[in-house]
Amino acid sequence: SGMKLYVGNLSYGVNDASLRALFEPHGAVESATVVADRESGRSKGFGFVEMSDADAQKAIQALNGSQHDGRTIRVNEARPKTDEPRGPRGPR
């Protein structure tokens, strides 16, 4: 399976379809999801996109720091949640 990308600082007008359209020039998009608030349904201003590793790298190069809808968007590799508690056990 491919790489999951975190996409941040999206304008609130971005939805799953426009997020997908933003990444499609760089390769096949396996999934594109804008994270929304469960209560209000409003976009939280970030999302996730899955692509093959090679396409994901191209998309990071092309899109990270670029302007979209008047905002400078962030694109980087999403870190799996399971890594987060990095205890005092030293390097993995």
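Reader: Is Lys-58 buried, partly exposed or exposed, and what is its relative accessibility?
Author: Happy to start there, with the reminder that this is a predicted model. Buried means under 20% relative accessible area and exposed means over 50%, with partly exposed in between. Lys-58 falls in the middle class because its relative accessibility is 48%. So Lys-58 counts as partly exposed, at 48%.

Reader: Which residue does the side chain of Lys-58 meet in a salt bridge, and at what N to O distance?
Author: Side chains of opposite charge can pair when their charged atoms come close. The structure holds 1 salt bridge. The two residues in the bridge both lie in helix α2, 3 residues apart, about one turn of the helix. The partner of Lys-58 is Asp-55, at 3.4 Å.

Reader: Where does Asp-55 fall, buried or exposed?
Author: Asp-55 lies in helix α2, as does Lys-58. The cut-off for buried is under 20% relative accessible area. With a relative accessibility of 15%, Asp-55 therefore counts as buried.

Reader: Which element gives the largest share of the largest nonpolar core?
Author: Nonpolar side chains tend to be buried together in soluble globular proteins. Here the largest nonpolar core has 19 residues, and Leu-5, Leu-19, Phe-23, Val-49, Met-51 and Val-75 touch the most other members. The elements that give two or more residues to this core are β1, α1, β2, β3 and α2. The largest share, 4 residues, comes from α2.

Reader: Which residues of α1 are buried, and how wide an arc do they cover around the axis?
Author: The buried residues in α1 are Leu-19, Leu-22 and Phe-23. An α-helix has 3.6 residues a turn, so residues three or four places apart point the same way. The buried residues of α1 lie on the same side of the helix because they cover an arc of only 90°.

Reader: What does Leu-19 touch in β3, and which residue stands opposite that strand's Val-49?
Author: Not counting residues up to four places away in sequence, the contacts of Leu-19 include Ala-32, Gly-47, Phe-48 and Val-49. The buried residues of α1 pack against both β2 and β3, among other elements. These two strands pair in the antiparallel sense over 7 bridges. The residue opposite Val-49 is Ala-32.

Reader: Which residue caps the N-terminal end of α1?
Author: Look for a side-chain oxygen lying 3.1 Å from the backbone nitrogen of Ala-17. The residue that supplies this oxygen is Asn-15.

Reader: Which backbone nitrogen does the side chain of Ser-43 reach?
Author: Ser-43 lies in strand β3, and counts as buried at 12% relative accessibility. Leaving out residues up to four places away in sequence, Ser-43 touches Tyr-12, Val-34, Val-35 and Ala-36. At 2.8 Å, its side chain reaches the backbone nitrogen of Gly-45.

Reader: Which residue takes a positive phi in the hairpin of β2 and β3?
Author: The hairpin has 6 residues between its strands. The residue there with a positive phi, near 75°, is Gly-41.

Reader: How far is Ile-73 from Phe-46 in space, C-alpha to C-alpha?
Author: Ile-73 lies in the loop between β5 and β6, and counts as buried because its relative accessibility is 0%. Beyond its neighbours within four places in sequence, Ile-73 is in contact with several residues, including Leu-10, Leu-22, Leu-63 and His-68. Phe-46 is 27 residues away in sequence, and the distance in space is 9.2 Å.

Terms used: Residues are numbered from 1 along each chain as its sequence is written. This is a predicted model: local features need pLDDT of at least 70, side-chain atom pairs count only at pLDDT 80 or more; totals for chains, interfaces and linings use all residues. Side-chain values use heavy atoms; hydrogens and water are left out. A nonpolar core is a set of buried Ala, Val, Leu, Ile, Met, Phe, Trp, Tyr and Cys residues joined through side-chain atoms within 4.5 Å. Buried means under 20% relative accessible area, exposed over 50%, partly exposed in between (1.4 Å probe, protein chains only). Contact means heavy atoms within 4.5 Å. A salt bridge is a side-chain nitrogen of Lys or Arg within 4 Å of a carboxyl oxygen of Asp or Glu. Two strands pair if DSSP finds at least two bridges between them. The arc is that of the directions from the helix axis to the C-beta atoms. A polar contact is a pair of N or O atoms within 3.5 Å; within protein, one must be able to donate a hydrogen and the other to accept it, and residues adjacent in sequence count only if both atoms are side-chain atoms.
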